[in-house]
Amino acid sequence: MKNYPSFTLLLLFAFSFMFAMGNKNLHQLSFTDINGKKVNFSQYKGKKLLIVNTASECGYTPQYAQLQELYTKYHNKNFEIIAFPCNQFGSQEPGAEAEIKQFCSKNYRVSFPLMKKSDVKGSGQNEVYQFLTKKAENGKMDSEVKWNFQKYLVDGDGNLVKTLPSSVQPGDAEIIKWIEGK
C-alpha cells in the first residue's frame, strides 16, 4: 500500500509526458528566413499552411508562378505559403540566399515567405522538416522528401494534414478544396 502514491505519481508523470509529446505542432518551432530574421511559426496560428521545398533550376521551378497565384488569392483568407530553398536534389539550388531571393522576385514576383536555404532530408535536416517527415514528431505520418517542390499541408492548429508529391500542381483541385474547407 505504501508504494501506491509513488506509483500514482509515476503514472501521472508518464501520462503527462506522453500527452505533451503527442501535442507537438509546427507552432512550437522557429526558423530563419532568407533575410536572416527568426520566424516563429506560432505567428501562423489559425492559418492553413502549404510548406514546400524549392529550387531555382528544376523542371518544377515554374510552380513558383502557381504558388504565387495561390498566395495572392488566399493569403487574406487565413492561408500562407512558406518556401524552403534546398540544394539536395540534383544541385538545382546552387545560389546563396541573396541570389535565390532575387531570382524569385525577378522571375515570379514571389511575395510569400522564403526561408534560408537548408537541408530537408538527411543528417543536416532542418527542424521544420524533421517535424514534417517524422511521425514521432508530427503524430500523423512518416514521409520522405523525394524531390523539389514536394508539398506539406498543415492546418491552423499546426498539425500536419498531408504530403503531396512534386507533380501535384499548386492549383490542383485537392489543394484548393482543402484551403476552402470543402
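Is Ser 56 buried or exposed? Ser 56 is buried, with a relative accessible area of 13%. The tour returns to this residue after an overview of the chain. The model is predicted.

**The whole chain**

Begin with the protein chain in cartoon view, where six helices and six strands can be displayed. Read from the N terminus, the elements follow the order α-β-β-β-α-β-α-α-α-β-β-α. Switch next to a surface view: the protein chain exposes about 9900 Å², and carbon and sulfur atoms supply 53% of that area. Of its 182 residues, 41% count as buried. If contacts are displayed between residues at least 6 apart in sequence, 64% of them join residues at least 24 apart.

**The largest nonpolar core**

Select Leu 50, Leu 70, Phe 79, Ile 81 and Phe 112. Within the largest nonpolar core, which has 24 residues, these five touch the most other members. Then colour the elements that give two or more residues to this core: strand 3 (48–54), helix 2 (63–74), strand 4 (79–85), helix 3 (97–108) and helix 6 (173–180). Helix 2 provides the largest share, five residues.

Centre the view on Ile 81. Setting aside residues up to four places away in sequence, Ile 81 touches Leu 50, Val 52, Leu 67, Leu 70, Tyr 71, Phe 112 and Pro 113. A second core, separate from this one, has 23 residues, including Leu 29, Leu 49, Val 145 and Val 154.

**Ser 56 and its partners**

Return to Ser 56, in the loop between strand 3 and helix 2. Show its side chain together with that of Glu 93: a polar contact of 2.9 Å joins the two. Beyond neighbours within four places in sequence, Ser 56 is in contact with Thr 61, Gln 92, Glu 93 and Phe 103. Ser 56 counts as buried because its relative accessible area of 13% is under the 20% cut-off.

**Cysteines**

Select Cys 86 and Cys 104. Cys 86 is buried at 0% relative accessibility, and Cys 104 is likewise buried, with a relative accessible area of 0%. How many disulfides does the structure contain? The count is zero.

**Aromatic pairs**

Display the aromatic side chains; the structure holds ten aromatic pairs. Select Phe 41 and Tyr 44, whose ring centres are 5.8 Å apart; their planes lie at 55°, so this pair is tilted. Phe 41 and Tyr 44 are both buried.

Move to Phe 89 and Trp 147. Their ring centres are 5.7 Å apart and their planes are at 55°, so this pair is also tilted. The pair links distant parts of the chain, 58 residues apart: Phe 89 is in the loop between strand 4 and helix 3, and Trp 147 is in the loop between helix 5 (135–138) and strand 5 (151–154). Phe 89 is buried at 3% relative accessibility, whereas Trp 147 is partly exposed, with a relative accessible area of 33%.

Next select Phe 31, Phe 84, Tyr 129 and Tyr 152, which ring pairs link into a cluster.

**Positive phi angles in two loops**

Which phi value does Ser 91 have? Its phi is near 50°, a positive value in a residue other than glycine. Ser 91 belongs to the loop between strand 4 and helix 3, and counts as partly exposed at 48% relative accessibility.

Now select Phe 149, in the loop between helix 5 and strand 5. Although Phe 149 is not a glycine, it has a positive phi of about 70°. Phe 149 counts as buried, at 0% relative accessibility.

**Last stop: Ser 42**

Finally, select Ser 42, located in the loop between strand 2 (38–40) and strand 3. Ser 42 is partly exposed, with a relative accessible area of 32%. Which residues are in contact with Ser 42, leaving aside its neighbours within four places in sequence? They are His 27 and Leu 29. Leu 29 has already appeared on this tour, as a member of the second core. To finish, draw a C-alpha to C-alpha distance from Ser 42 to Ser 30: the two are 8.1 Å apart in space and twelve residues apart in sequence.

Terms used: Residues numbered from 1 in each chain as written. Predicted model: local features only at pLDDT ≥ 70, side-chain atom pairs only at ≥ 80, totals over all residues. Heavy atoms only, no water. Core = buried A, V, L, I, M, F, W, Y, C linked by side-chain atoms within 4.5 Å. Buried < 20%, exposed > 50% of the residue type's maximum accessible area, 1.4 Å probe, protein only. Helix = DSSP H or I, 4+ residues; strand = E, 2+ residues; numbered from the N terminus. Contact = heavy atoms within 4.5 Å. Polar contact = N/O pair within 3.5 Å; in protein donor to acceptor, adjacent residues only side chain to side chain. Disulfide = S-S within 2.5 Å. Areas by Shrake-Rupley, 256 points an atom, 1.4 Å probe, with all protein chains shown as cover. Phe/Tyr/Trp six-rings, centres within 6.5 Å; stacked < 30°, edge-to-face > 60°.
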